[in-house]
Each structure stands twice: as structure tokens, then as C-alpha cells.
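Here are my notes on this one, as numbered points you can check against the coordinates. Shout if anything looks off to you.

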Amino acid sequence: MKVKICGITRLEDALFAADVGADMIGLNFYPGSPRYIPVEKAILLTGELKRRNVNSNVIGVFVNAKAEYVQRAVELCGLDGV
């Protein structure tokens, strides 16, 4: 079984999720969600996860997003999947 912890908005939470064994860390790029994370903040978060060699995959969650927005987020944030 694979486990994804979604709605991460803070580095501390992402690190905790990875420490407890989450296979995937979900970032919610849907502006209508209370767990929304802007691309600019996600760039910093994913950069720090990579710098710390966190093994969990980072997955982007999108709702009715245009393909260009998804592609931009994937490229800028270095997402492992959507």
C-alpha cells in the first residue's frame, strides 16, 4: 500500500510526513481549497525537501486547472507527479 499525505503547506509538516513514512507528499494547487499552496511557496518547499534529500515523492493536486498551469507548476516545483 502507498500512502499520500495531502494538503501540505508548511515545510515542518512535509518533513513530518516523510519521517513517518509517507510515500507521497501532496501539494494542493486549487485556489478554492483551504489547503491551497501558491506555486511560489511550493517552489521554496520542494527546493528545501530536495536539499534535505527527502525520499517522499511530491505530487501536485489540481482541480479543473489549465494544462499550462499544471505544466508550469510541475516544472517550477519539480513535482514527481500530478
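1. Start with the loop between α2 and β3 (57–61), where you'll find Asn53. This is a predicted model, so treat the backbone here accordingly: Asn53 has a positive phi of about 55° although it isn't a glycine. Most residues other than glycine have a negative phi. As for its surroundings, Asn53 counts as exposed, because its relative accessibility is 62% and the cut-off for exposed is over 50%.

2. There's another asparagine to look at further along. Asn64 sits in the loop between β3 and α3 (67–77), and its phi is positive too, at about 50°, again without being a glycine. Is Asn64 buried or exposed? Exposed, with a relative accessibility of 79%.

3. Now the charges. How many salt bridges does the structure hold? The count is 5. Side chains of opposite charge can pair when their charged atoms come close. Two of the pairs share Glu48: with Arg51 the closest N and O atoms are 2.7 Å apart, and with Arg52 they are 2.6 Å apart.

4. Where do the partners of the Glu48–Arg51 pair sit? Both lie in helix α2 (residues 39–51), 3 residues apart, which is about one turn of the helix. Check the accessibilities while you're there. Glu48 counts as buried at 18% relative accessibility, because buried means under 20%. Arg51, on the other hand, is exposed at 58%, and Arg52 is partly exposed at 41%.

5. Elsewhere, the side chains of Arg10 and Asp13 meet in a salt bridge, 3.0 Å from N to O. Both ends are partly exposed: Arg10 has a relative accessibility of 43%, and Asp13 has a relative accessible area of 24%. Which residues join up in a network of salt bridges here? Arg10, Glu12 and Asp13 are linked in one.

6. On to the helix packing. The axes of helix α1 (residues 11–19) and α2 come within 10 Å and cross at roughly 40°. That makes α1 oblique to α2, because an angle has to be under 35 degrees to count as roughly parallel. The crossing of α1 and α2 is right-handed.

7. Which residues make that contact? From α1 there are Leu11, Ala14 and Leu15, and these meet Leu45, Glu48 and Leu49 in α2. By class, the contact of α1 with α2 splits into 5 nonpolar residues, no polar ones and 1 charged. Note that Glu48 turns up again: it belongs to the contact with α1, and it also pairs with Arg51 and with Arg52.

8. Last, a residue worth clicking on in helix α1: Ala17. Ala17 counts as buried, with a relative accessibility of 1%. What does Ala17 touch once its neighbours within four places in sequence are left aside? The contacts are Ile5, Ala22 and Ile25. For a distance to check, the C-alpha atoms of Ala17 and Cys6 are separated by 9.5 Å, and the two residues are 11 apart along the chain.

Terms used:
Residues numbered from 1 in each chain as written. Predicted model: local features only at pLDDT ≥ 70, side-chain atom pairs only at ≥ 80, totals over all residues. Heavy atoms only, no water. Salt bridge = Lys/Arg side-chain N within 4 Å of Asp/Glu carboxyl O. Buried < 20%, exposed > 50% of the residue type's maximum accessible area, 1.4 Å probe, protein only. Helix = DSSP H or I, 4+ residues; strand = E, 2+ residues; numbered from the N terminus. Axes fitted to C-alpha atoms, helices over the stretch in contact; angles between N-to-C directions. Parallel < 35°, antiparallel > 145°, perpendicular 65-115°, else oblique. Left-handed = near helix turned anticlockwise from the far one by under 90°. Contact = heavy atoms within 4.5 Å. Nonpolar A, V, L, I, M, F, W, Y, C, P; charged D, E, K, R; others polar.
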